[in-house]
Amino acid sequence: MFADESEREQFFEAAKAQAQKDFQEDSTNAHALVRWGGALLELAHFKQGSEADQCIQDAITRLQQALSIDPERTDAEWCLGNAYTSMGFLAADRKTALQHFNKAEEYFKHCKEKVVASKGLNWIMLTGDVSRSMPCRTTHVQAQEVAPAQLQHPVIPAH
């Protein structure tokens, strides 16, 4: 779909701008907020450090705002699960990472419960217990336990 990453970034910048405009025209437009939050999540991939963190925080704000307008928006909950998963990977320590992963799990579970109750959107049901079962989640948390020790006692390769 995209020739390169800059084209992809431009696409999500435009999507964000359009969603923001749509919400400014109708402050009850939860769908625009979900699109805005989703675009911010995608744009976070193009940022580093605190800029990525801020982009994800802004996405979380928009998605929670969408849920305050329409609590039945499973797409907002799904995106919030993704946002908190991303925050878990950006966390500097194990405790914070686990808090974010657990929050993500709550949103994924709640989303799944809504979908099962409404008997719709079967694709979400395929995820199961998404954030808890992610091998990368476990690996990331384990790496955070090992990394500080390695920084204190670096292994210097022999030549």
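Trainee: What makes up the chain, in helices and strands?
Mentor: Eight helices and zero strands, where a helix is a DSSP run of H or I with at least four residues, a strand is a run of E with at least two, and numbering goes from the N terminus. Keep in mind that this is a predicted model, where local features need pLDDT of at least 70, side-chain atom pairs count only at pLDDT 80 or more, and totals for chains, interfaces and linings use all residues. Residues are numbered from 1 along each chain as its sequence is written, and side-chain values use heavy atoms, with hydrogens and water left out.

Trainee: Why is the pair of tryptophan 78 and phenylalanine 108 called edge-to-face?
Mentor: Rings of Phe, Tyr and Trp (its six-membered ring) pair if their centres lie within 6.5 Å; planes under 30 degrees apart are stacked, over 60 edge-to-face, the rest tilted. Here the centres are 4.8 Å apart and the planes stand at 65°, so the pair is edge-to-face. Tryptophan 78 belongs to helix 4 (residues 74-90) and phenylalanine 108 to helix 5 (residues 94-118), 30 residues apart.

Trainee: How do you know whether tryptophan 78 is buried or exposed?
Mentor: Buried means under 20% relative accessible area, exposed over 50%, partly exposed in between (1.4 Å probe, protein chains only). Tryptophan 78 has 15%, so tryptophan 78 is buried. Phenylalanine 108 has 4%, so phenylalanine 108 counts as buried too.

Trainee: What makes phenylalanine 89 and phenylalanine 101 an edge-to-face pair?
Mentor: Their ring centres lie 5.1 Å apart with planes at 75°, so the pair is edge-to-face. This one also links helix 4, with phenylalanine 89, to helix 5, with phenylalanine 101, twelve residues apart.

Trainee: And is phenylalanine 89 buried or partly exposed?
Mentor: Its relative accessibility is 31%, so phenylalanine 89 counts as partly exposed. Phenylalanine 101, at 0%, is buried. The structure holds five aromatic pairs, by the way.

Trainee: How do you know that arginine 62 lies over the face of tryptophan 36?
Mentor: The rule wants NZ of Lys or CZ of Arg within 6 Å of the ring centre and within 35 degrees of the ring normal. Arginine 62 is at 4.1 Å from the ring centre and lies over the face of tryptophan 36.

Trainee: Why is there no bond for the sulfur of cysteine 111?
Mentor: A disulfide is a pair of cysteine sulfur atoms within 2.5 Å. The closest cysteine sulfur, in cysteine 79, is 9.2 Å away, so that is too far for a bond. The count of disulfides comes to zero. Cysteine 111 is buried at 0% relative accessible area, and cysteine 55 counts as buried at 8%.
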